[in-house]
Structures are given as structure tokens and as C-alpha cells.
Amino acid sequence: MGVLLTTLEFLAYLLLIFLLGFVSVTVLEAYRRRHNNAYVEAPAMFEDPESLKQVPCPDIVDPAEKYLSLIIPAYNEEYRLPGTLNETMNYLQQRAANDKSFSYEVVIVDDGSKDGTKRVAFDFVKKYGVDNVRVILLGKNHGKGEAIRKGMLHSCGELLLMLDADGATKVTDLEKLENQIHAIVRKDYHPGDSAAGEATFRISDIPIVAFGSRAHLEEKALATRKWYRNFLMKGFHLVVLLAAGPGIRDTQCGFKMFTRSAARKLFTNIRLKRWCFDVEIVFLCKWFGIPMLEISVNWSEIPGSKDFL
């Protein structure tokens, strides 16, 4: 009994250290960006593989030019990225063929990969054209959070979806998030509230975030995982609850959709560069009063995935 209590106390201390570390990193990064004059946001550029010219990227403060942007962060994803991109492009092309008003772009953010990720990404740019597929090169590895931030800030969609390069969630599930966002807008938006009226209304103007969720799979995961992984998972959920508060059960699923207004507010203020950035998104949504939806999506565990469920 004494050994068990000692072990639980030790794990409790680890969770406390993690929580303090999360808060400290957020504060220090915010301070560094505000007061370090050496930190200057470099203009984002993408390369046209045909002309090899550097072309300026769109900016999140500009009006939307397409309906949907898909942002895919990639770090050493030479082997998993092609399958995800093939599935994604097939879906988007089919949807565009069926709906002439549907427009899209796929933004691949290469986070300083050391393998052939850049080559794979540019192969898709050459195949589908720079109007549909773009690659942003970060040069060196900054972390998933920074890669997504960069992609969000330089996309031109009314709706912006982040999805992982491993294809763990089927791209068709984006319609679940999209439909729920439209449902909220139809329910809560009244054209008479705006002097401009219905004519100038766009869904990109309403701040909403839809979180893809694997929480419905938790019972199955608990039954198949080792006890210590379940303990760590529950401990992480507790840390998230303490850091960001209740509301979203699964913060770590890499499948989230933002209206342009929400993305502009969140990704110009986010500070964390690596995996805990998901928790900061929840915190910022509450801070700015941005409505959050949590929607179950299909998910398959892909070899190499490190997310907690």
C-alpha cells in the first residue's frame, strides 16, 4: 500500500510539473515575441515549381478568395503524405465537379523536413497547379503548432481545416464539421442584425471553431491500452481541464475547422509552437468568446502517431 501511494504521489508531482511547465512556456514565449526585437515575422513565400519564382502568400487579413482551405503540416512525411494527398485531391476534385460554386486550396507546410517531403509536395503542385496546391517551406523545424499557424495565416478560404499528414481521419469527415458550422450560423445569424443585410454576409465573418473528436472511442482505447498509458492519458486530460477549463473532451485530434474570422483572431495570438498549441486554442476560444463545437469523427491509429486519445 505504501509503495502504491508513493507511486501515485510521484505521478501527481509529474502532472503538477507539466502544468507549471505549460503555463511557463506560454508566458515566456509571449514575452519573447513581444520584447525581442530580433523576432520579426518573415513574409511567407511559396515557390512556383514551374518558374521557380518566390511568390508572396495570401494573408489572413485579406478577404477570402476560396471557399475551403486545407492546411496540412508535414515533417518527414515522405511516405505517408502521398496517400493522404491522393485521397484529399480525389475528394476535392469530385466535389468541385458536382458543385461549380465550390472552390478550394490545399496548403502543405513543410516544417523543415530532412527527407523527401518537399519533393513529394511539389509533385502534387505540378500535377494540380499552384492555384489548387501550394507549399510553404519553413526552412527549419519549428513544431506542428507553428506550421499550422503559418498555414492558417496565409490561406485564402472562408473555412479553414487543419488535418494531419498521416490521414488518420478521412477527409470526407470535414463535411460533418462544415455542416455543423452552417447549422449554427443559420440558427444564430439574422440578416436584419446587419445594416448591409444578406447581400454581403459570408460565413467567414462569423467566428466559430469545430473540433473533430475521438472521445467516442475512449472506452475502446481504455480496454486495449496498458494501465500506465491510460493513467497518463487521464492525467493529460486533467492537465487540459486545469489549463483550459471544461468544454472540449478531445483537444489533440488533428482535425479542426475554423471560420476565417476565428482563424484570424486565434492564430494572430497563439504563442505555443509545438503539440500543446491545441490546448492554447481552447483557452483562446474561451478568452475571446468564440463558440466551440465538438463533433465525432472517424479515426484510425496510424503507425508513428503520438497523440493521446
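Which residues are buried in helix 8? Let's start there, everyone, and keep in mind that we are looking at a predicted model.

Helix 8 runs over residues 260-267, and six of its eight residues are buried, so we can call this helix mostly covered. The buried ones are Arg260, Ser261, Ala262, Ala263, Leu266 and Phe267. And what sits over them? The cover includes two helices, helix 4 (144-153) and helix 9 (277-288), along with strand 6 (157-162), strand 7 (209-213) and strand 8 (256-259).

Let's look at one of those neighbours, helix 9. In general, we describe two packed helices by the angle between their axes and the distance between those axes. Here, helix 8 packs with helix 9 at an angle of about 105 degrees, and the axes are 10 Å apart. That angle makes helix 8 roughly perpendicular to helix 9, because the range for that label is 65 to 115 degrees. On the helix 8 side, the residues in the contact are Lys265, Leu266 and Phe267, and they meet Ile281, Leu284, Cys285 and Phe288 from helix 9. If you sort the residues of this contact by character, you get six nonpolar, one charged and no polar.

Helix 8 also gives us a nice example of chain folding. Find Arg264, then find Val61: they are 203 residues apart in sequence, yet their C-alpha atoms are 6.9 Å apart in space. Val61 is in the loop between strand 2 (54-56) and strand 3. Is Val61 buried or exposed? Its relative accessibility is 56%, and the cut-off for exposed is over 50%, so Val61 counts as exposed.

On the other side of strand 3 (66-74), another loop leads to helix 2 (81-98), and Asn76 lies in that loop. The phi angle of Asn76 is near 55 degrees, a positive value in a residue other than glycine. Asn76 has a relative accessible area of 32%, which means that it is partly exposed, falling between the 20% and 50% limits.

Now for some strands. Strand 5 covers residues 133-137, and four of its five residues are buried. Strand 5 runs parallel to strand 4 (residues 104-110), and five bridges join the two. In one of the pairs, Val106 has Val133 in strand 5 as its bridge partner. How does the chain get from strand 4 to strand 5? The path goes through helix 3 (residues 117-128), giving a β-α-β crossover that is right-handed.

That's my tour, and thanks for listening!

Note on methods
Residues are numbered from 1 along each chain as its sequence is written. This is a predicted model: local features need pLDDT of at least 70, side-chain atom pairs count only at pLDDT 80 or more; totals for chains, interfaces and linings use all residues. Side-chain values use heavy atoms; hydrogens and water are left out. Buried means under 20% relative accessible area, exposed over 50%, partly exposed in between (1.4 Å probe, protein chains only). Contact means heavy atoms within 4.5 Å. Two strands pair if DSSP finds at least two bridges between them. A crossover is right-handed if, with the strands pointing away from the viewer, the path from the first strand over the helix to the second runs clockwise. Axes are lines fitted to C-alpha atoms, for helices over the stretch in contact, and angles run from 0 to 180 degrees between N-to-C directions. Angles under 35 degrees count as roughly parallel, over 145 as roughly antiparallel, 65 to 115 as roughly perpendicular and the rest as oblique. Ala, Val, Leu, Ile, Met, Phe, Trp, Tyr, Cys and Pro count as nonpolar, Asp, Glu, Lys and Arg as charged, and the others, Gly among them, as polar.
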